[in-house]
Amino acid sequence: MLRRSELHASVSDPVLDTMNFLNEVTLRYPGAISFAPGRPYDGFFETEEVLAHLRRYLDHLADHGASPDQVRTAVYQYGPTAGQIREIIADSLRADEGIDVPAAAIVVTVGAQEAMMLAVRALIRNPDDVLLVSSPCYVGITGVARLLDVTLCPVPESADGFSLDNLAAAIASARAAGRRPRAFYLVPDHANPSGSTLAPADRVALLDLAAREDLLILEDTPYRLVSPGEPAPTLKALDRRHSVIHLGSYSKTIFPGARVGFAVADQTVTGDDGRPGLLADELSKIKSMITVNTSSLSQAVVAGALLAAGGRVSELNAKATGHYGESMRRVLDRLADRLPEPRRTELGVRWNEPSGGFFLGLTVGFEADDAALTRSAEEFGVIWTPMRYFHPDDGGRRAIRLSVSYLSPAEIDDGITRLVAFIEAESR
């Protein structure tokens, strides 16, 4: 018999139970309307498109001189550890994001989650190295830190989102404690969970601070190209000092079942022999011992989708972007309708108003814990996510995350009505 206390400490960490708990609550109350899952809307997926994307990529290989045997190998065999569609991804990044890097600087990963794992494993060497994270932050990066025994240093968001002053203070505090701040992780566009977006001026200021402090930035960007409006430039597009490791995913823009992401790591790494290489090469070494390579079939389907759109993921997602923007606006409008200003002030309720993405944060006047979530699901038929799950610094106790991406307009209307009834009941 094994005892959990004898296993790695991460398996006992509540962070690793987060997704399981939400899945269990959702399954336990199938009639409830769920604002919990950060999933793309199913209505945009067409089964036959998978086959069309695959065929398009196979034709692309043949058109570029691959023999039938080589085409067969490309989809049936183990592929290069760093990925076999790096050129196509590099072309797409240039076309859509203004990120101009060689294909050799890209590692194709099993979702952005693996990209996080590779980057953190490569960068954090000593017990005194710390990873700074925007707080609240995506639980995936918190989980990676737990699995790798990496010390996290939370950087609290202000009411308006990212705070350069808070980051500078966190760096100074870590150094004063004898630690080395190694990298800072954030989602600069429509962040999960808060929905906040980094202003253009703050992007420039963040890059300047990173250069002064010899700090790398892990830029996670899953929601940029499924949000309405013209996005601000990525940090990587503005990066002139190779301070940014850009983490990308096709889970929201193409489909999550493919499990294809990537890391752009064009930093120079000098070996003991003085020969230079790329950080991407080091990430690839680590990947070879974790997943060996990313599914060739999945890469082929994603590549076919990118080729169909001329590399412009933004055009591929034009319809979805409109849907998600309308869903966000509808949630915000219904909240304002059901909780007019005097009443929300009386209840201690407030929320931010993201211009895109999948999420927004809502502050309430009571403890929004697992027990409250269970009452909400059981008695009011509405599910949400406690914001405390996303706070490494133990914050967010009176806040919830709402996801707008997965519901129809009618479900949003009904769900907000149920949510407000729950908030009213909890606030008595």
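Colleague: At 34% relative accessibility, does R94 count as buried, partly exposed or exposed?
Modeller: The model shown here is a predicted one, and every value I give is computed from it. Buried would need a relative accessible area under 20%, and exposed one over 50%. Because the relative accessibility of R94 is 34%, R94 counts as partly exposed.

Colleague: Which residue meets the side chain of R94 in a salt bridge?
Modeller: The rule asks for a side-chain nitrogen of Lys or Arg within 4 Å of a carboxyl oxygen of Asp or Glu, and the N to O distance here is 3.4 Å. The partner counts as exposed, at 59% relative accessibility. The residue that meets R94 is D100.

Colleague: In helix α13, how many residues apart do D337 and R334 lie?
Modeller: D337 and R334 form a salt bridge whose closest N and O atoms are 3.4 Å apart. D337 counts as exposed at 51% relative accessibility, whereas R334 counts as buried at 17%. Both belong to α13, which covers residues 318-338, and their spacing is about one turn of the helix, that is, 3 residues.

Colleague: And in the salt bridge of E346 with R343, how far apart are the closest N and O atoms?
Modeller: Both residues lie in helix α14 (residues 341-347), 3 residues apart. E346 is exposed at 60% relative accessibility, while R343 is partly exposed, with a relative accessible area of 26%. The closest N and O atoms of this pair are separated by 2.9 Å.

Colleague: How many salt bridges does the count come to by this rule?
Modeller: Beyond single pairs, there is a network of salt bridges that links E97, D189, R203 and R224. By the rule of a nitrogen within 4 Å of a carboxyl oxygen, the count comes to 27.

Colleague: Which element gives the largest share of the lining of the largest cavity?
Modeller: A search of the whole structure finds 3 cavities of 30 Å³ or more, and the largest has a volume of about 170 Å³. Its lining has 15 residues, with E97, T221, L225, S249 and F262 nearest the centre. Two elements, α4 (86-97) and β7 (244-249), give two or more residues to that lining. The largest share, 4 residues, comes from α4.

Colleague: What is the volume of the largest pocket?
Modeller: The lining of the largest pocket divides into 26 nonpolar, 12 polar and 5 charged residues, and α1 gives the largest share of that lining, 6 residues. The volume of this pocket is about 1200 Å³.

Colleague: Of the residues that line the largest pocket, which are the closest to its centre?
Modeller: The lining of this pocket, whose volume is about 1200 Å³, is made of 43 residues. The closest to the centre of the pocket are M19, G38, R39, Y138 and K252.

Colleague: How much space lies in the second largest pocket?
Modeller: The second largest pocket is lined by 27 residues, among them E157 and S158, and these divide into 8 nonpolar, 13 polar and 6 charged. The largest share, 3 residues, comes from β12. The space in this pocket is about 620 Å³.

Colleague: Which residues make the nonpolar surface patch of about 290 Å²?
Modeller: Membership of a patch requires over 30% relative accessible area, and L7, in the segment before α1, is partly exposed at 43%. The residues that make the patch are L2, L7 and V11.

Notes: Residues are numbered from 1 along each chain as its sequence is written. This is a predicted model: local features need pLDDT of at least 70, side-chain atom pairs count only at pLDDT 80 or more; totals for chains, interfaces and linings use all residues. Side-chain values use heavy atoms; hydrogens and water are left out. On a 1 Å grid over the protein atoms alone, a cavity is a set of points where a 1.4 Å probe fits but cannot get out, and a pocket is an open set with protein on both sides within 12 Å along at least five of seven lines; lining residues have an atom within 4 Å of a point. Grid points are joined across faces, edges and corners, and a volume is the space filled by probe spheres set on the points. Ala, Val, Leu, Ile, Met, Phe, Trp, Tyr, Cys and Pro count as nonpolar, Asp, Glu, Lys and Arg as charged, and the others, Gly among them, as polar. Patches are made of residues with over 30% relative accessible area and no salt bridge: like charges are joined within 9 Å, nonpolar side chains (Val, Leu, Ile, Met, Phe, Trp, Tyr) within 5 Å. Accessible areas come from the Shrake-Rupley method with a 1.4 Å probe; for residues, only the protein chains shown count as cover. Buried means under 20% relative accessible area, exposed over 50%, partly exposed in between (1.4 Å probe, protein chains only).
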